[in-house]
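Hi,

Here is the structure I promised to pass on. Have a look at it first, and my notes on what turned up follow below.

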Amino acid sequence: MKNQTISLNYTIYDSADELTDDLRKLLTEAKLALSKAYAPYSGFQVGAAAQLVNGAIVSGANCENASYPLCICAEPATLAAAASAHPGVAVKTLAITVQNLTRPVADPAPPCGACRQMLVEHEDRFQQPIQLVLQGQSDQVYVFERISDLLPLHFSGTFL
């Protein structure tokens, strides 16, 4: 028997004011994307903004459906917007912010499991780590250097 340990490394900032100008700008774009969210059932709005390696910034928001499995999360909406506007260009940084219309979400909310898998596949496809910036409705910000840190034992095309 052999035991292994997986650790999770990320930086916690007390405020977005501590971020670089580029990260702060991207987080602002994610907050603006919240206004695009369609969340009439849960009231849980998610906005995302991606800076691509070519410098372009695209954003997306979640879109709920009464049939919950048909909902679209902000992260794949943003990846689709990036792929449509800039085919073949990798995402460099992704900022995600959330707000709940019925109660505050103080802690930064990470992507769901399905979104983590989609994002890590993007990293694998382009061999480009995606820096991840997360903020809830408080000042605190989490920064991960790569999406794969959130899904270390991910499924990939190498298994197929």
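**Strands first**

Strand 4 and strand 5 (residues 131-135) run parallel to each other, paired over five bridges. Within that pairing, Thr93 sits opposite Gln131 of strand 5. To get from strand 4 to strand 5, the chain goes through helix 3 (residues 113-126), and this β-α-β crossover is right-handed. Please keep in mind as you read that the model is predicted.

Strand 4 has another partner to look at: strand 2 (residues 44-52) pairs with strand 4 in the antiparallel sense, over nine bridges. If you want a spot to start from, find Gln45, whose bridge partner in strand 4 is Gln99.

So how enclosed is strand 4 (residues 91-100) by the rest of the structure? Largely, because eight of its 10 residues are buried.

Strand 2 also pairs with strand 3 (residues 57-61), again in the antiparallel sense, and here there are five bridges. In this pairing Ala49 stands opposite Ser59 of strand 3. The two strands form a hairpin with four residues between them, and Gly55 in that hairpin has a positive phi near 95°.

**A loop residue worth a click**

Go next to the loop between helix 3 and strand 5, where you'll find Gln127. Most residues other than glycine have a negative phi. Gln127 goes the other way: its phi is positive, near 50°, and it isn't a glycine. Is Gln127 buried or exposed? It counts as exposed, since its relative accessibility is 66% and the cut-off is over 50%.

**The salt bridge**

Side chains of opposite charge can pair when their charged atoms come close. How many salt bridges does the count give here? The count comes to one. The partners are Arg24 and Asp21, with their closest N and O atoms 2.3 Å apart. Both belong to helix 1 (residues 21-33), and because they are three residues apart there, about one helical turn separates them. As for the surface, Asp21 is exposed, with a relative accessible area of 56%. Arg24 is at 26% relative accessibility, so it counts as partly exposed.

**A nonpolar patch**

Over on the surface, Leu8, Tyr10 and Ile12 make a nonpolar patch of about 260 Å². Tyr10 comes from the segment before strand 1 (11-13). Its relative accessibility is 35%, so Tyr10 counts as partly exposed.

**Cysteines**

What does the disulfide count come to? Zero. Cys63 is in no disulfide, and the nearest cysteine sulfur to it, which belongs to Cys71, is 7.7 Å away. A disulfide would need the two sulfur atoms within 2.5 Å. Cys71 is in no disulfide either; for Cys71 the nearest cysteine sulfur is that of Cys73, 7.6 Å away. Cys63 is partly exposed, at 34% relative accessible area, and Cys71 is partly exposed too, at 27%.

That's what I have. If you'd like one place to begin, I'd pick strand 4, which pairs with strand 2 in the antiparallel sense and with strand 5 in the parallel sense.

Cheers

Definitions and conventions: Residues are numbered from 1 along each chain as its sequence is written. This is a predicted model: local features need pLDDT of at least 70, side-chain atom pairs count only at pLDDT 80 or more; totals for chains, interfaces and linings use all residues. Side-chain values use heavy atoms; hydrogens and water are left out. Buried means under 20% relative accessible area, exposed over 50%, partly exposed in between (1.4 Å probe, protein chains only). Two strands pair if DSSP finds at least two bridges between them. A crossover is right-handed if, with the strands pointing away from the viewer, the path from the first strand over the helix to the second runs clockwise. A salt bridge is a side-chain nitrogen of Lys or Arg within 4 Å of a carboxyl oxygen of Asp or Glu. Patches are made of residues with over 30% relative accessible area and no salt bridge: like charges are joined within 9 Å, nonpolar side chains (Val, Leu, Ile, Met, Phe, Trp, Tyr) within 5 Å. Accessible areas come from the Shrake-Rupley method with a 1.4 Å probe; for residues, only the protein chains shown count as cover.
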